[in-house]
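Hi,

Here is the structure I promised to pass on. Have a look at it first, and then read my notes below.

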Amino acid sequence: MTKIKSVRTRVWNWKGKTVPPQGNFCTNASDALYDRGDAMGSFRFHQWLTCEVETECGMIGIGNAALAPSLVKLAIDEHYAPMVIGEDPFDYAYLWEKMYRRTHAWGRKGVGMTAISAVDIAIWDLMGKLTNKPVFKLLGGRTKEKIPVYYSKLYADNVEAMQAEAEEAMKHGYQGFKTRFGYGPKDGMKGMRENLKRVEAVREVIGYDTDLMLECYMGWNLDYTKRMLPKLEKFEPRWLEEPVIADDIHGYAELNKGPIPISGGEHEFSLMGFRQLLDLKAVSVIQYDTNRVGGITAAQKINALAEAYQVPVIPHAGQMHNYHLTMANVNCPISEYFPVHDVEVGNELFYYIFEGDPDAVDGYLDLDDNKPGLGISISDKYLADFEVTE
């Protein structure tokens, strides 16, 4: 059996066109602070990391990470790569535990787990290529004919712009729509009215036969959310996403007792962390990100755990690693989907670095049974728009 020969990491720094920051674009955890300028700045990521794991036979698996790429690169190069070089990639469970346990003192959350994710995703891509099967076939196969997707742009803007965007998106048959709140606790009652005005405006366009998801991105607090929930109930949201900071698990649990389902998990990093969320009934929808949570190996464990609790899993941010997991799991009913557009927050970079991501057609996307691995490759089409660090 071929063994892992090398691990190559690159950081892709976007130098191309970006959408300039605008006020009240999306609430976030930094809103609690006295700040000047772009409050969303620390949550924009105009860098991405690619991780290429190569075997002795020359086959290469591709992984990636979007959080703190420069730090993740350092962690992989100095700590995680030496642990997998010389090993059989099909011993993926052993390799995952080796990376997790040998760095447990400092790596079990955040940067460490993101680094493990990048290597693990690359190993799964590699296994698919070595067996000439798509990753979802290795995970159990096709559980749905096609994957329904929801439109996930609709950042807060003026009412007319949001309605125009929603009207255009409606033409493509999406199975749901997610919008962001632009106002939080510091904006008081006036901000509450602005939030409600925009939710109502989007509902006017999409009607009540289509799901509407609402995201706070950790920009609210417990008190504010408790005041907002009764006001939002009439709009029948499918969920309210990340209303408080990720560490406030008991806050999530209190809010999730109400009439509106609470979703979260984008900023949780471990199987044990998700067990806590489920034990406390803190979320009604789990939204891990595969390239943060420990990769595909860890994601499958979380999927099984969530299914036992009958809590659906809808991974954060679309992207191929998430699509393969969604296709292979009955408990993953729908995928988040960002259409290709100019670089704004950073999720868009995936389309500028990789080729092979499927386009949504009439509200659904499909994966190719004949494309081995994840089905993506690193593109050179936009290379001039990046500064690449080896």
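Leaving aside its neighbours within four places in sequence, Phe 181 is in contact with Cys 26, Thr 27, Ala 156, Asn 195, Val 199, Leu 214, Glu 215, Cys 216, Trp 220, Leu 232 and Leu 240; contact here means heavy atoms within 4.5 Å. Bear in mind that this is a predicted model, where local features need pLDDT of at least 70 and side-chain atom pairs count only at pLDDT 80 or more, while totals for chains, interfaces and linings use all residues. Residues are numbered from 1 along each chain as its sequence is written, and side-chain values use heavy atoms, with hydrogens and water left out.

Back to Phe 181: you will find it in the loop between strand S5 (176–180) and helix H7 (188–206). Helices (H or I, at least four residues) and strands (E, at least two) are DSSP runs, numbered from the N terminus. With a relative accessible area of 2%, Phe 181 is buried. The cut-offs are under 20% relative accessible area for buried, over 50% for exposed, and partly exposed in between (1.4 Å probe, protein chains only). Asn 24 is 157 residues from Phe 181 in sequence, yet the two are 7.9 Å apart in space, C-alpha to C-alpha.

Pro 237 shares some of those partners: not counting residues up to four places away in sequence, Pro 237 touches Leu 212, Leu 214, Leu 232, Ile 260 and Pro 261, and Leu 214 and Leu 232 also appear among the contacts of Phe 181. Pro 237 sits in the loop between helix H8 (222–232) and strand S7, and is buried at a relative accessible area of 9%. Lys 109 is 128 residues from Pro 237 in sequence and 31 Å from it in space, C-alpha to C-alpha.

On the other side of S7 comes Glu 242, in the loop between strand S7 (239–241) and helix H9 (249–255). Its phi is near 40 degrees, a positive value in a residue other than glycine. Most residues other than glycine have a negative phi. Glu 242 is buried too, with a relative accessible area of 1%. Ala 68 also has a phi near 40 degrees, again positive in a residue other than glycine. Ala 68 lies in the loop between strand S3 (60–65) and H1, and is partly exposed, at 36% relative accessibility.

As for annotation, UniProt lists residues 159–261 as "domain: Mandelate racemase/muconate lactonizing enzyme C-terminal", in an unreviewed entry. UniProt positions are given in the numbering used here, feature names are shortened, and annotations may be inferred rather than shown by experiment. In the model, that span is 48% helix and 13% strand, and its end C-alpha atoms lie 25 Å apart.

Now the helix packing. How are H1 and H4 oriented to each other? Helix H1 (residues 69–84) and H4 pack at an angle of about 60 degrees, with their axes 9 Å apart, and they are therefore oblique to each other. Axes are lines fitted to C-alpha atoms, for helices over the stretch in contact, and angles run from 0 to 180 degrees between N-to-C directions. Angles under 35 degrees count as roughly parallel, over 145 as roughly antiparallel, 65 to 115 as roughly perpendicular and the rest as oblique. The residues in the contact of H1 with H4 divide into 11 nonpolar, 2 polar and no charged. For those classes, Ala, Val, Leu, Ile, Met, Phe, Trp, Tyr, Cys and Pro count as nonpolar, Asp, Glu, Lys and Arg as charged, and the others, Gly among them, as polar.

H4 (residues 111–131) also packs against helix H11 (residues 295–308), at about 90 degrees and with axes 6 Å apart. That makes H4 roughly perpendicular to H11. Ser 117, Asp 120, Ile 121 and Trp 124 of H4 meet Gly 295, Ile 296 and Thr 297 of H11, a set of 3 nonpolar, 3 polar and 1 charged.

Two more loop residues to finish. Asn 331, between helix H12 (320–328) and strand S10 (335–337), counts as buried at 13% relative accessibility. Beyond four places in sequence, Asn 331 is in contact with Asn 303, Ala 306, Glu 307, Val 311, Pro 312 and Val 313. Gly 356, in the loop between strand S11 (354–355) and strand S12 (364–365), is partly exposed at 30% relative accessibility.

Cheers
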